[in-house]
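Grab a pencil and get the structure up on your screen. Below are a few exercises, each with a worked solution.

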Amino acid sequence: MAAANPAKMLQDEVTCPICLDYFNDPVSLDCDHSYCRACITQCWRGLTADVSCPQCRRTFPQGRLRTNRQLRGIVDASRELQLQAGKEAAPERLCEKHQEPLKLFCREDGIPICVVCDRSKGHRAHTVIPAEAAAKEFQKRLQAHLKTLRAKREKLLGLKVSREKTSQEYLKRTGTERQKIVAEFQQLQQFLQEQERLLLAQLEKLDKMIVKAGIDTVTKLSSEISCLSEWIWELEEKCQKPASEFLQDVRSTLSRCEEGQAQQLEEVAPELEEQIRGFSQKVIVLSERLREFKDTLPDALDETLRPAYVTLDPDTAHPELVLSEDGKRVRRVRTRQPVADNPARFDTMRCVLSHEGFTSGRHYWEVEVGVGDGRYWAVGVAKESVSRKGGISLSPEEGVWAVERWGDQFQALTDPATPLTPNPPSRIRVCLDCVQGQVTFIDAGSKAPIFTFPPGSLPGERIRPWIWVWDRKNWIRLFP
């Protein structure tokens, strides 16, 4: 393995990782990584909470910057060494063929040449200028590029700060929502535990009442059984006596038998039956409420973004739109197709809806718009009741939430339209969140967000994927 270049190692040590230039007023963090004071300050601009090191991501409180005087001295020494090296006359390069100094520059070939090369047949018809003039010319052009690159770097630094600030704001919001969820479920858990305790206490009370009623009933029934047994034994004995003795007091005996048969057994603990019925009704009501609550959980708490299988509905397509047999592609043609003018069909706007519609959950599908040279199209979603007849304004007010390319313009169809990145992606992911009532557009290739209509934008009715096609140069294709 080749040894490292000491000059390169020194250059790396005195270069700021952010601006990639010599350290200017170097400061160090607690993690021992160093930066220009201005660079790290700009990187942290707008952050109010803890800040982090751009290299190792370790977090620190604001203001923890230590001036690195030793590194400042090394930077100064390195600058001086570079200046001295620049002042030393570098050995003059010679032409490999003629061993003459390379003092000229050939514009056509773009190479330095010597005076002998200039007179040779290969360069005689070329434009040749002094090497110093060529160097100044190219330095001027490179300086212009450097200016552009530095401006781009500054812009990216600002974007980086903005993204980090936005990320921290999002984390703060998710933290707040997390606390709310924990608090709500703690209250719900406490309520359910209290209901469980009360119902079990009532059930235990009923158990005791049932046991007591059972004991009382058995005791009473045992007493009545004993009395009946004695009465049966008395009657059986009477029936065995002679007629003269049997007939004595026979009317009184029959009267006592009839009175005994007329007596009805008392209903066992009627108030207990009523209490059990009331308790059962409470359990039924609570079970129904818990079932209703659980039925709402999948839509309310399901954060899963599911791919949707989407196909285009030919009954909604404008007569100038042609769909593929599988319903996954659409393009516009010059002549109107011989199709029925049903109420669901767009008759003026070159639009088409999908068969599928959504009222709950979170779904996504992708639309390929970069096939061919099409420069006029729009993709998104529309409400079920969107107007199909006559011209409509493509905006949320009319029930359409979409992004559009119109020539060189790429924009979200708000009112007024919102300009987006100048170069639209070739494939767009459409994310529909019926829970939050919003739709988001994402670059399917880079996964970078394009635009989001805010929560609550969509109505509570059925939402269907939607495509609008103007030019005739390309197919627009759906992916599940």
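## Warm-up: the whole chain

Of the chain's 480 residues, 31% count as buried, where buried means under 20% relative accessible area with a 1.4 Å probe, counting protein chains only. Before you start: this is a predicted model, in which local features need pLDDT of at least 70 and side-chain atom pairs count only at pLDDT 80 or more, while totals for chains, interfaces and linings use all residues. Residues are numbered from 1 along each chain as its sequence is written, and side-chain values use heavy atoms, with hydrogens and water left out.

## Exercise 1

Work out whether the chain is a compact globule or more spread out.

**Solution.** Step one: count the elements. There are eight helices and 22 strands, taken as DSSP runs (H or I, at least four residues, for helices; E, at least two, for strands) and numbered from the N terminus. Step two: compare sizes. The radius of gyration is 45 Å, well over the 23 Å from the globule rule for 480 residues, so the chain is more spread out than a compact globule. Both numbers have a recipe: the radius is taken over C-alpha atoms, and the rule is 2.2 Å times the number of residues to the power 0.38. Step three: check the box. The C-alpha atoms fill roughly 170 × 75 × 45 Å along the principal axes.

## Exercise 2

Find the residues with the most contacts inside the largest nonpolar core.

**Solution.** Step one: know the term. A nonpolar core is a set of buried Ala, Val, Leu, Ile, Met, Phe, Trp, Tyr and Cys residues joined through side-chain atoms within 4.5 Å. Step two: read off the residues. The largest core has 34 residues, and Val330, Trp365, Val367, Ile428 and Ile467 have the most contacts inside it. Step three: look elsewhere. Another core, of 22 residues, lies apart from it and includes Val14, Val27, Cys31 and Cys39.

## Exercise 3

Which strands stand at the edges of the sheet S7-S6-S8?

**Solution.** Step one: get the order. Three strands form this open sheet, and their pairing is antiparallel; strands pair if DSSP finds at least two bridges between them. Step two: find the edges. S7 (111-113) and S8 (128-130) each have a single partner strand, so one side of each is left without a neighbour in the sheet. Step three: zoom in. Strand S6 (residues 104-106) is joined to S8 by three bridges, and cysteine 106 stands opposite valine 128 in S8.

How values were computed:
Buried < 20%, exposed > 50% of the residue type's maximum accessible area, 1.4 Å probe, protein only.
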